[in-house]
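Colleague: I should like to learn how to read the surroundings of a ligand in a model of this kind. Might we go through the structure together?

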Amino acid sequence: MIDLICGARPNFMKVDPIIRSLGGKVRLVHTGQHYDYAMSGSFFDQLGLPRPDVNLGVGSSTITAQTADIMKAYEPVFLQGKPDAVVVVGDVNSTLACVLTAVRYGTPTVHVEAGLRSFDRTMPEEINRLLTDQISDLLLITSHEARENLTKEGRPDGSIILVGNPMIDTLLRLLPESAEKEVPHGKFGLVTLHRPGNVDNRELLGDILDSLGRLSPLSLVFPAHPRTLKNIKSWGLQNRVPGNLKLVEPMDYLAFIKHQQMAEVVITDSGGVQEETSVMGVPCVTVRPNTERPVTCTLGTNVLCPDPLGIPAAVKEQIKNRPEFPPVIPLWDGSAGARIAVEIERILK
Ligand code: UD1
């Protein structure tokens, strides 16, 4: 039996294809990092994920306290379950906390989506990625540049295997089901911003809102993450929300992928959204100075926009250069879950 860990919104679409391929050999552990129906429960319903076997119910706090809370809550569950391996995905606090718990007991560990690097250590996710990759036994990567990052950090080449992108398995599986979801009439852009680097700084968040206003008359839909909404309200930035920008609650998965697919452009600071837009051939502007997913810029439809004031020009350019056909990224083909299952079975033997 393996423990498969999930905790925050971007984890659910990555564990789904692994469960589908590994079947009954999985104990699904939800840390409770995300707990709202909109951030967690709705994804279980729409993806058809089984209810978690265990929910650690940790909830929100500081990064340090949250990571520690997850470790403290997971240790007894781990000891009771005695899993043969622990599999973690992505780069959230739950990822690091659970892998760190498992290695203390010498249990084999697997990191899915290993080797991504933004080289920006101010990002909590970069620290989670670096540490998780140093201590995991098997490193399953989504694209080839991850191998170079990992070998430079001294990880043995034999522990690194290219399996493709499991998040894309879920996207390709559920796009047809999203067809019924309603999107705005006419042309629109989609916005998602939640990184502390963008939204935890009052001045920067205000500048970003102003810049989005300059995209008028293009109307924009912004399903805001709780962190972003909280900051807009507490800093009294509501009056800087421009007329062409509609702030809405976080969307469910099917509504969100349909919005991405139909958008003229997507403006984001999320990692997964850079990947999903690339596969669908939708122009993406990433409001960050770096990306841990450079393949979305070299082969996909993504461009970095480090300066919020540059958003209008970047958007214009991206819309102009929209590809006729969606790009093809090697092994982002809907079968990553099956390849991941083969590798996990191998270490279990
Ligand atoms: C986390 C991940 C990030 C990921 C993002 C996706 C880390 C370090 N960060 O960031 O990589 O892109 O999830 O959403 O793990 N909140 C709610 N309801 C919830 C969950 C959170 O209201 O269900 C609020 C919390 O009260 C907190 C804020 O959102 O104030 C941030 O939540 P947290 O889990 O700390 O980090 P995220 O910003 O969501």
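Modeller: Let us begin with a term: a polar contact is a pair of N or O atoms within 3.5 Å. Please keep in mind that this is a predicted model. Here, an N or O atom in the side chain of Arg227 lies 2.9 Å from an oxygen atom of the ligand.

Colleague: How far from an oxygen atom of the ligand is a polar side-chain atom of His34?

Modeller: The distance for His34 is 2.7 Å. For Glu125, an N or O atom of the side chain is likewise placed 2.7 Å from a ligand oxygen atom. The protein buries 88% of the 740 Å² that the ligand exposes when taken alone.

Colleague: Which residues come nearest to the ligand?

Modeller: A residue counts as near if one of its heavy atoms lies within 4 Å. There are 21 residues around the ligand, and those that come nearest are His34, Asp36, Glu125, His225 and Lys230. By class, this shell holds 7 charged, 8 polar and 6 nonpolar residues.

Colleague: Where does the ligand sit, and which elements give two or more residues to its shell?

Modeller: The ligand takes up the space of the largest pocket. Two or more residues of the shell come from each of α1 (9–22), α5 (124–135) and α10 (226–234). Both domain 1 (2–165 + 333–348) and domain 2 (176–320) supply at least three residues to the shell.

Colleague: How should backbone geometry be read?

Modeller: Most peptide bonds are trans, and most residues other than glycine have a negative phi. In this model, Ser216 and Pro217 are joined by a cis peptide bond, with omega about 15°. Pro217 belongs to the loop between α9 (202–213) and β9 (219–223). Lys82, a residue other than glycine, has a positive phi near 45°. Lys82 is found in the loop between α3 (63–81) and β4 (85–89).

Technical notes: Residues are numbered from 1 along each chain as its sequence is written. This is a predicted model: local features need pLDDT of at least 70, side-chain atom pairs count only at pLDDT 80 or more; totals for chains, interfaces and linings use all residues. Side-chain values use heavy atoms; hydrogens and water are left out. A polar contact is a pair of N or O atoms within 3.5 Å; within protein, one must be able to donate a hydrogen and the other to accept it, and residues adjacent in sequence count only if both atoms are side-chain atoms. Accessible areas come from the Shrake-Rupley method with a 1.4 Å probe; for residues, only the protein chains shown count as cover. On a 1 Å grid over the protein atoms alone, a cavity is a set of points where a 1.4 Å probe fits but cannot get out, and a pocket is an open set with protein on both sides within 12 Å along at least five of seven lines; lining residues have an atom within 4 Å of a point. A molecule sits in a cavity or pocket if more than half of its atoms lie within 2 Å of its grid points. Helices (H or I, at least four residues) and strands (E, at least two) are DSSP runs, numbered from the N terminus. Ala, Val, Leu, Ile, Met, Phe, Trp, Tyr, Cys and Pro count as nonpolar, Asp, Glu, Lys and Arg as charged, and the others, Gly among them, as polar. Domain bounds come from an automatic or database domain assignment.
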